[in-house]
Amino acid sequence: MTFDYPARRARLAELLPGHEVPALLVTSPVNVRYLTGLTSSNAAVLVRADGSALLATDNRYIGKARTLDVPSVEASDVAGALAEPGAGIEAAVMSVATYRRLGEGTTPLGPVVEVLRAVKDDDELELLRTACEITDQAFADISVRIVPGMTERDLARLLDNRMTELGADKPAFDTIVAAGENGAVPHHAPTDRELRTGDLVTMDFGARYHGYHADMTRTVCLGPPAAWQRELYDLVAAAQRAGRHALAPEAEARDVDAAARSVIEGAGHGGHFRHGLGHGVGLEIHEEPFLGPARTGRLEDRVPITVEPGVYLPGRGGVRIEDTLVTREGGPELFTKTTKELLVL
């Protein structure tokens with residue numbers, strides 16, 4: 001798939017006068033890829049307000065760089081090779097050592113390219129849609145194989161392998177499988193803890209496809225759920241619906257979070273939901289925009305974003321339900337379509 005990299009750089013160039021810089025020195029590998037198509041571990045691109053650009057990388061990647069639609073130079077110090085007086089730099093990416101070497105003539109900036117990346121074009125959405133389809137299918141294929149006695153690690157491995165078999169580059173992130181009491185830990189790392197009848201089991205996973213990351217969480221029950229498990233699941237499902245329905249272009253990020261959070265708080269579990277409601281997805285698994293109580297800014301059209309409320313009861317377990325959706329004028333488009341009804345296995 002071929003992306004319009006010159007158009008991306010042109011959009012960035014148009015933003016630079018508003019940041020009062022003549023150019024932006026981009027050193028984030030993901031942002032370099034987004035602006036040029038070069039995937040590497042050592043590259044930078046300078047984009048000027050007049051629309052011109054220059055790419056720098058070392059001898060491992062220069063051959064590829066010279067096939068792209070942007071002029072390139074070979075250098076081991078890629079940031080130093082492109083430094084220009086007054087240029088903006090990515091403050092969250094550049095090391096202090098590199099900043100000191102470049103001198104004080106540069107201007108640290110917050111996320112600029114990341115804001116551009118939030119809104120996806122048709123080709124990006126198609127790749128993300130495929131990543132989500134792989135994720136959905138992997139869950140469908142593996143959920144029927146979940147049985148008491150397998151370990152959290154066993155289940156994570158099955159999900160990872162199936163996503164790869166279905167065409168994923170690799171898992172989008174380290175798969176989370178949390179059984180029973182471990183479900184109270186939002187980012188629990190799988191262990192040798194065996195799944196048991198009566199467990200709620202939370203699985204947070206996704207496929208990466210051509211660089212684009214899917215993200216989905218489902219919680220299932222091994223055997224008939226206890227009353228408190230059903231009550232907890234229904235609460236999180238209601239909060240997730242409220243968050244999904246609040247997604248819209250021009251919606252305030254904190255208002256979307258509040259739509260879901262208020263449902264959980266109203267049930268007396270506000271203290272058991274301590275993370276943000278969601279985040280953008282694309283070339284990174286966590287990217288702009290972010291949904292949370294203190295997040296500012298409005299959503300735009302065509303932004304892939306997750307909605308993932310959870311309630312976590314220490315020592316007992318938890319429930320999280322997560323989908324990847326895309327903001328649309330007529331209502332959000334759901335990319336992860338696996339049922340959100342409580343599966344009893």
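Arg-193 is buried, with a relative accessible area of 11%. This value, like every other here, comes from a predicted model. Arg-193 forms a salt bridge with Glu-181. That partner counts as partly exposed, at 33% relative accessibility. Both residues sit in the loop between β8 (176–179) and β9 (200–205), 12 residues apart.

**Salt bridges**

Side chains of opposite charge can pair when their charged atoms come close. The count for this model comes to 26 salt bridges. Three of the pairs are set out here.

| Pair | Closest N and O atoms |
|---|---|
| Arg-193 and Glu-181 | 2.9 Å |
| Arg-129 and Glu-126 | 2.9 Å |
| Arg-8 and Glu-124 | 3.6 Å |

Take Arg-8 and Glu-124. This pair links distant parts of the chain. Arg-8 lies in helix α1, while Glu-124 lies in helix α7 (residues 122–143). The two are 116 residues apart, and both are buried.

Now take Arg-129 and Glu-126. Both belong to helix α7, and because they are 3 residues apart there, about one helical turn separates them. Glu-126 is partly exposed, with a relative accessible area of 38%.

Salt bridges can also share partners. Arg-117, Lys-120, Glu-284 and Glu-287 are joined into one network in this way.

**Nonpolar cores**

The largest nonpolar core has 29 residues. Which members touch the most others? They are Leu-12, Leu-24, Val-26, Leu-35, Val-45 and Leu-55. Several elements give two or more residues to this core. Among them are the helices α1 (5–15), α2 (29–36), α3 (62–65) and α6 (113–118). The strands β1 (23–26), β2 (43–48) and β3 (53–57) do so too.

A second, separate core holds 26 residues, including Leu-247, Ala-253, Ile-264 and Leu-325.

Back in the largest core, look at Leu-35. What does Leu-35 touch, leaving out residues up to four places away in sequence? Its contacts include Leu-12, Val-26 and Val-45. Leu-35 also touches Tyr-5, Val-47 and Val-113. Two arginines complete the list: Arg-8 and Arg-9. Arg-8 is the residue that pairs with Glu-124.

**Helix α9**

Helix α9 covers residues 227–246, 20 residues in total. At 1.5 Å a residue, it should span 28 Å. Its end C-alpha atoms are 29 Å apart, so the two values agree.

Which residues of α9 are buried? Gln-229, Leu-232, Tyr-233, Leu-235 and Val-236 are. So are Ala-237, Ala-239, Gln-240, Gly-243 and Arg-244.

Terms used: Residues are numbered from 1 along each chain as its sequence is written. This is a predicted model: local features need pLDDT of at least 70, side-chain atom pairs count only at pLDDT 80 or more; totals for chains, interfaces and linings use all residues. Side-chain values use heavy atoms; hydrogens and water are left out. A nonpolar core is a set of buried Ala, Val, Leu, Ile, Met, Phe, Trp, Tyr and Cys residues joined through side-chain atoms within 4.5 Å. Buried means under 20% relative accessible area, exposed over 50%, partly exposed in between (1.4 Å probe, protein chains only). Helices (H or I, at least four residues) and strands (E, at least two) are DSSP runs, numbered from the N terminus. Contact means heavy atoms within 4.5 Å. The expected span of a helix is 1.5 Å times one less than its number of residues. A salt bridge is a side-chain nitrogen of Lys or Arg within 4 Å of a carboxyl oxygen of Asp or Glu.
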